[in-house]
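Visitor: Please take a close look at a single part of this model. Keep it brisk.

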Amino acid sequence: MESKIEEVEWTVQEKEKLVSKLQEQEKTLDLTFMESLGENNKFKEFLVKVYRKKIKRARLNTQQDKGEGEDDEDEEEESDSDESSSSEDESDEEGFDDSVCPPGCDPALFDQAVKMREQRLDVEEVLTEEKKHLDGVRRELDGLLK
């Protein structure tokens, strides 16, 4: 029992380190993006909106790898159809189309904003999963300590 508690405590510490590292990656990515825009960029507001925009993404096939495939495929198909309609609605409401580089904007900066948005979303996705795992391990530790 004692060794199990020590093992779970070690896992909690490792998960906390990983979460902290991912949060630092997120901050670094944000800083790198803002620095890449430079000063007095007239498209800065637009590019920041593109970078910060939350988009629905197809989930990774991690659950399919575990043998739970068919149900997840149906959910992904539904989310793909939801994605196109919600993206169009959001674009109309916000008055900008984040899928097209506006005239006069440096296409390289626009492409970088889209690329870095994907990187940010990747980090956020992993961070969310690791926080869930950390919460589960903490609950396990609490159960062992009682």
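Guide: What follows starts from one arginine and moves out to the helix packing. This is a predicted model, with residues numbered from 1 along each chain as its sequence is written; local features need pLDDT of at least 70, and side-chain atom pairs count only at pLDDT 80 or more, while totals for chains, interfaces and linings use all residues. Side-chain values use heavy atoms, without hydrogens and water.

Arginine 117 sits in helix H5, residues 107-145 (helices are DSSP runs of H or I, at least four residues, numbered from the N terminus). Arginine 117 counts as buried because its relative accessibility is 7% (buried means under 20% relative accessible area, with a 1.4 Å probe and protein chains only). Its side chain makes a polar contact of 2.8 Å with the side chain of aspartate 98 (a pair of N or O atoms within 3.5 Å, one able to donate a hydrogen and the other to accept it). Beyond neighbours within four places in sequence, arginine 117 touches Val50, Tyr51, Lys53, Ile55 and Asp98 (contact means heavy atoms within 4.5 Å).

Tyr51 leads to helix H2. In H2, Lys44, Leu47, Val48, Tyr51 and Arg52 meet Leu29, Asp30, Phe33, Met34 and Leu37 of H1. The axes of H1 and H2 (residues 44-52) come within 11 Å and cross at roughly 155 degrees (axes are lines fitted to C-alpha atoms over the stretch in contact; angles run from 0 to 180 degrees between N-to-C directions). H1 is therefore roughly antiparallel to H2 (angles over 145 degrees).

H1 (residues 2-37) also packs with H5, at about 160 degrees and with axes 9 Å apart. That pair, too, is roughly antiparallel.

Technical notes:
Helix = DSSP H or I, 4+ residues; strand = E, 2+ residues; numbered from the N terminus. Buried < 20%, exposed > 50% of the residue type's maximum accessible area, 1.4 Å probe, protein only. Parallel < 35°, antiparallel > 145°, perpendicular 65-115°, else oblique.
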